[in-house]
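Thanks for making the time this morning. I would like to walk through one model with you, beginning with a single residue and then moving outward to the core and a small sheet.

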Amino acid sequence: MKQLLMPILFLVLHLFSVTSCDKDTSSMDVRLNSLEKKVLKIAKQRNVPSIALQVKTSDDALNVNYTHPDVKEQKIYGIGSTTKFLSATFVFKLIEQGKLNLEDTVQDSVEDLAVVEKGDTIKIKNLLNHTSGLSDYTMSPEWRETVVDGNGPKDFKTKFGYIDNELKNHGMYSYSNTNYLLLQKVVETVLSKSYDAAFNDFFESNGLEGIRLDDAKSDLQAFYAENDKGSADVSGWKENYGYDGGAFSEPEALNQFLQKFFKEKSLLNEKSVALMASWISTDSMTIPIGEGNISEYGNGIMKLNYNGKEYLGHAGGTLKYQSFMFHDPKDGVSVSVVTNCSGKYYNTVFFQEIIPTILDAL
């Protein structure tokens, strides 16, 4: 009797396991189907110009592409500060290759830093995790005026000229695009190569041709709105970011990056990945995401706490675009979302309605 009981018990447990797995998979399919409807509903009700989303699980992928009837369809979007995660990954590859070191003094590569008081105290690690104390050149009214006038500068010297000549809160977290502007200059100096060429070569060599750092695309539409009463076409604004926010992509390529970085571990070794996830508190600069928040920053990477889960990645927002690229290391789910609208109204819709709706479904 005992000999017969054990095989039967094993069979029952096996069938229960398969049934449970199928049920979980089926449940995720239902949630993803429901999610698509919810995202499209918000996009239409909130007058979102265009949005593209990919949610990738271990078994399935949801792709949502919505374009307002009055807007041209587009395949790629500016991703703004999400670029910093990509740029930091490239910088850490150079560190692995011995071409850079986290303790390197930045002024050794960027002589312009000599005009900043105590600029010689800034190291590579301070740029990566925003603890340099450098002011943000994009906070300068003059910079914004040039962008809105369609003459946003691309050259380093003009952008660098918008910052203060003294450090504030050096050694403490203070988000600043200037940090990645300087990283861009460091890479150019070390490699004797233009920053966009170096960046693009790295991602192409890793099968990520869908991620490009380039001049602002003149044929892409973008919209800006402070409230729900109006939406201005701001396609002519020239933001011209670099390592701090100049990449263009589609969600599929961003998700592919997340898979290679976190699951395949083919972009960096485990030591580098661990160093990038050296967390510091963002203190008063915490970013609310629905009921969750981004309250910790590493070296070019953010940690999002949401409904008891931790997501790693980066979010981005410019005067023209918004993006969100995060991965849950525990269950392997990746989320990438991009859109071509900004301003107070669209920022709220994106980060307080669309993103929470997506995360609530996972």
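**Around T131**

Setting aside residues up to four places away in sequence, T131 touches K125, N126, N169, H170, G171, M172, Y173 and I280. This is a predicted model, and in it T131 sits in the loop that runs between helix 3 (124-128) and helix 4 (141-148). Is T131 buried or exposed? With a relative accessible area of 6%, T131 is buried, because buried here means under 20%. One of its neighbours deserves separate mention, since the side chains of T131 and N126 are joined by a polar contact of 2.9 Å.

As for confidence, the protein averages a pLDDT of 92, and 92% of the residues score at least 70. Residues 1-23 are another matter, as pLDDT stays under 50 there and the model has 0 contacts for them beyond four places in sequence. Where pLDDT is low, the predicted coordinates should not be read in detail.

Turning to the interior, the largest nonpolar core has 108 residues, and V55, F257, F324 and I358 are those with the most contacts inside it. Helix 10 (residues 344-360) gives the most to this core, with 9 residues. F257, leaving aside neighbours within four places in sequence, is in contact with residues including F85, L86, F203 and M325.

Finally, there is an open sheet of 3 strands, in the order 3-7-4, with antiparallel pairing. Strand 3 (77-78) and strand 4 (212-213) each have a single partner strand, so one side of each is left without a neighbour in the sheet. Strand 3 pairs with strand 7 (residues 247-249) over 2 bridges, and Y77 stands opposite S249 in strand 7.

Notes:
Residues are numbered from 1 along each chain as its sequence is written. This is a predicted model: local features need pLDDT of at least 70, side-chain atom pairs count only at pLDDT 80 or more; totals for chains, interfaces and linings use all residues. Side-chain values use heavy atoms; hydrogens and water are left out. Helices (H or I, at least four residues) and strands (E, at least two) are DSSP runs, numbered from the N terminus. Buried means under 20% relative accessible area, exposed over 50%, partly exposed in between (1.4 Å probe, protein chains only). A polar contact is a pair of N or O atoms within 3.5 Å; within protein, one must be able to donate a hydrogen and the other to accept it, and residues adjacent in sequence count only if both atoms are side-chain atoms. Contact means heavy atoms within 4.5 Å. pLDDT is the predictor's confidence in each residue, from 0 to 100. A nonpolar core is a set of buried Ala, Val, Leu, Ile, Met, Phe, Trp, Tyr and Cys residues joined through side-chain atoms within 4.5 Å. Two strands pair if DSSP finds at least two bridges between them.
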